[in-house]
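Here's a quick briefing on how some helices and strands sit against each other in this one. Have the model open while you read.

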Amino acid sequence: MNNAVNQHLFTDTENTDAITATLLPDHLRPNFWPQHFGTVPQWILLEPKTFTWLDRLCADYHGDFWDFYTLPNGGSFMVPGTEQDYALFNELNGNGATVSREAAGIVACLMTFSHHACLTEHDDMITHFYRLREYALHHPESRAIFNLID
């Protein structure tokens, strides 16, 4: 793996294809939102809405610096920077799980992307949801992720 770029590799056990999430370098952070979501109405609200979702789902979350990741399918997501397990509980469906920081970020982003897609009815936002969902399907914590967002 390239030392300049942090990559997370997850292997799909039913398929030999690997899905790789790549940490966005700091110098590319300012363009992350407009580059990936600039065509979506009210895209500027996505980041704070994602913070709010994790705050709703995790009683112990009190803000953090988040890392941005990109996916080879054109998807992207963000992850809280603190390396710890996150105890999440979704009051909307009664499901809870303790997950890694990456899974917590995926859950918060999927919730945000889903709600924003319903709000805007914009095809690009729907596409972003399904790109991240594809990655989540192959994630080692996929069962917990989908129980939380169901």
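Strand β5 (residues 86-90) has two faces: Y86, L88 and N90 are on the covered one, A87 and F89 on the uncovered one. Keep in mind that this is a predicted model, where local features need pLDDT of at least 70, side-chain atom pairs count only at pLDDT 80 or more, and totals for chains, interfaces and linings use all residues. Residues are numbered from 1 along each chain as its sequence is written, and side-chain values use heavy atoms, with hydrogens and water left out.

**The hairpin**
- β5 runs antiparallel to strand β6 (residues 95-99), and 5 bridges join them.
- Y86 has V99 in β6 as its bridge partner.
- With 4 residues between them, β5 and β6 make a hairpin, and G94 in the turn shows a positive phi of about 75 degrees.

**α2 against α3**
- Helix α2 (residues 46-57) packs on helix α3 (residues 101-120) at an angle of about 120 degrees, axes 8 Å apart.
- That makes α2 and α3 oblique to each other (not under 35 degrees, roughly parallel; over 145, roughly antiparallel; or 65 to 115, roughly perpendicular).
- On the α2 side, the contact (heavy atoms within 4.5 Å) includes W53 and L54, and on the α3 side M111 and H115 are among the residues met.
- By class, this contact of α2 with α3 has 10 nonpolar, 4 polar and 1 charged residues.

**α4 against α5**
- Helix α4 (residues 123-137) and helix α5 (residues 142-149) cross at roughly 135 degrees, and their axes come within 8 Å.
- α4 and α5 are therefore oblique too.
- R133, A136 and L137 of α4 touch S142, I145 and F146 of α5.

Conventions:
Axes fitted to C-alpha atoms, helices over the stretch in contact; angles between N-to-C directions. Nonpolar A, V, L, I, M, F, W, Y, C, P; charged D, E, K, R; others polar. Buried < 20%, exposed > 50% of the residue type's maximum accessible area, 1.4 Å probe, protein only. Pairing = 2+ DSSP bridges.
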